[in-house]
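I opened this notebook to keep a record of what I looked up, item by item, in one protein model. The entries follow the order in which I asked the questions.

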Amino acid sequence: MKLLLTFALATLTLSTFAQESEQIQKNFVRWFDAEHPDVHDPVMARGENGRYYIFSTGMGVGCISSADMKTWQPERSVLNPIPQWATDSIRGYRGHTWAPDISHHNGQWLLYYSCSTFGKNGSAIGLATNQTLDPTSPLFKWEDQGCVMVSHQHVDPYNCIDPNLIVDEKGTPWLTFGSFWDGIQIVRLKKDFKTLDGKPQTISRRVGRKVTLAEIDNIEHYTIEGNDTIEAGDNAVEAPFIIKNGKYYYLFVSFDYCCRGERSTYRTVVGRSKKVTGPYIDSKGQPMTKGGGDTLIGPNAEFFGAGHNSAYQFDGQWYFLSHAYEKARNGQAKIFLRKMHFDKDGWPVLDDDTAFPAP
């Protein structure tokens, strides 16, 4: 009887999640702005049909598509139903899935995603795969591959969210991830793109030294280097994304705070290294493990903040993608897409006159 009751409750829970996801999808379509879509934590890929697909934070991972990167349309979410392993493993997670990452390797699309709740590092990164991004194809089917890694409260000094896959020049896959706590991490994966092959190491933090678990867990406030007092766990860096251009790997991260509308202070910073594992250094020679990073974009006359970016090269042209809290729209998080180039010294620069869509 106990087993039957447990099965019934699990079935009811999954049914509730499915109904919530369907209702959110309907509301999303109803209020969808084709030229200025709401997005959070966007990543992009060009599918087999030539369309561009943006995946973002949302119920079961949000998705929109476009033929020209200017006018967008909503697509169905990726995780449907929400994976049972995730709701069982992460307390408070009910399907609102954060910060995906999309890439194509070995004939498959790999979509990493984050399961978490605000303010806690009890989190997990999962993996879903598909043979195609074209929803009209008979091969189209997202299949969840389960958990890649988990971080535990009061145990791990890092937070398993915001994954990004980078494959180095030797073909070795690496997963970078993390936010706050002890900053941004990188860990090697095995050739299955799912199994960890080593331990994570920190490649970016705001604080000039390692933040310990004792400080994070037991002290409400603590002092760094004698002067700067910050809240425990408030190492405000997140959203890593690594690309390779020429002889350098470039690490983009977001400083300060997202998700506060008109009070958002997000900014995107960047450093570079000749090794995928770092050390990543900014143009002034400051290591990103000691708070370094050149600001690429942040609060300005148009935006309260812009961050959680990704970057891609299509047909020889680089593109920078993020969300930005627009002042003209009362701090709503909107798509921010610009062409990007590298200057004579090899540093990325955004082309402000190539907005998508045009202002």
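Entry, strand pairing. In which sense do strand β2 and strand β4 pair, and over how many bridges? I was working on a predicted model, and there I found that β2, residues 52-56, and β4, residues 62-66, pair in the antiparallel sense over 5 bridges. Looking along this pair for residues that face one another, I noted that Tyr53 stands opposite Ser65, the latter in β4.

I then asked which sheet these strands belong to, and found an open sheet of 4 strands in the order β1-β2-β4-β5, with antiparallel pairing. At its edges stand β1 (43-46) and β5 (73-75), and because each has a single partner strand, one side of each is left without a neighbour in the sheet. For the twist I recorded that neighbouring strands of this sheet are turned by 30° against each other on average, with direction ignored. As a reminder to myself, strands of a sheet pair through backbone hydrogen bonds, in either the parallel or the antiparallel manner.

Entry, the chain as a whole. I looked up the secondary structure totals and obtained 3 helices and 23 strands for the protein chain. Of its 359 residues, 54% are buried. Among the contacts with a separation of 6 or more, 51% are between residues 24 or more positions apart. The chain exposes about 16,500 Å², and carbon and sulfur atoms supply 51% of that area.

Entry, cysteines. How many disulfides does a search of the whole structure find? The search returned 1 disulfide, and it is formed by Cys258 and Cys259, whose sulfur atoms are 2.2 Å apart. I also looked up the torsion about the S-S bond, which is -70°, and the link of Cys258 and Cys259 is accordingly recorded as left-handed. I checked the accessibility of each partner: Cys258 has 16% relative accessibility and therefore counts as buried, the limit being under 20%, whereas Cys259, at 36%, counts as partly exposed.

Turning to a cysteine outside this link, I found that Cys147 is in no disulfide, and that the nearest cysteine sulfur, that of Cys160, is 7.9 Å away. Since a disulfide requires sulfur atoms within 2.5 Å, I left Cys147 as unpaired in my notes. Cys147 counts as partly exposed, because its relative accessibility is 28%. I looked up Cys63 as well, and with a relative accessibility of 7% it counts as buried.

Entry, Asp294. Is Asp294 buried or exposed? Its relative accessible area is 12%, so I entered Asp294 as buried. Asp294 has its place in strand β19, which covers residues 294-297. I next looked for a polar partner of its side chain, and found that one of the side chain's polar atoms lies 2.9 Å from the backbone nitrogen of Ser283. Leaving aside neighbours within four places in sequence, I listed the residues in contact with Asp294 as Thr268, Val269, Val270, Asp282, Ser283, Lys284 and Trp347.

Entry, Gly285. Where does Gly285 lie? I located Gly285 in the loop between β18 (267-273) and β19, and its relative accessibility of 46% makes it partly exposed. Finally, I compared its position with that of Gly271: the two glycines are 14 residues apart in sequence, and their C-alpha atoms are 9.3 Å apart in space.

Methods
Residues numbered from 1 in each chain as written. Predicted model: local features only at pLDDT ≥ 70, side-chain atom pairs only at ≥ 80, totals over all residues. Heavy atoms only, no water. Buried < 20%, exposed > 50% of the residue type's maximum accessible area, 1.4 Å probe, protein only. Helix = DSSP H or I, 4+ residues; strand = E, 2+ residues; numbered from the N terminus. Contact = heavy atoms within 4.5 Å. Areas by Shrake-Rupley, 256 points an atom, 1.4 Å probe, with all protein chains shown as cover. Polar contact = N/O pair within 3.5 Å; in protein donor to acceptor, adjacent residues only side chain to side chain. Pairing = 2+ DSSP bridges. Axes fitted to C-alpha atoms, helices over the stretch in contact; angles between N-to-C directions.
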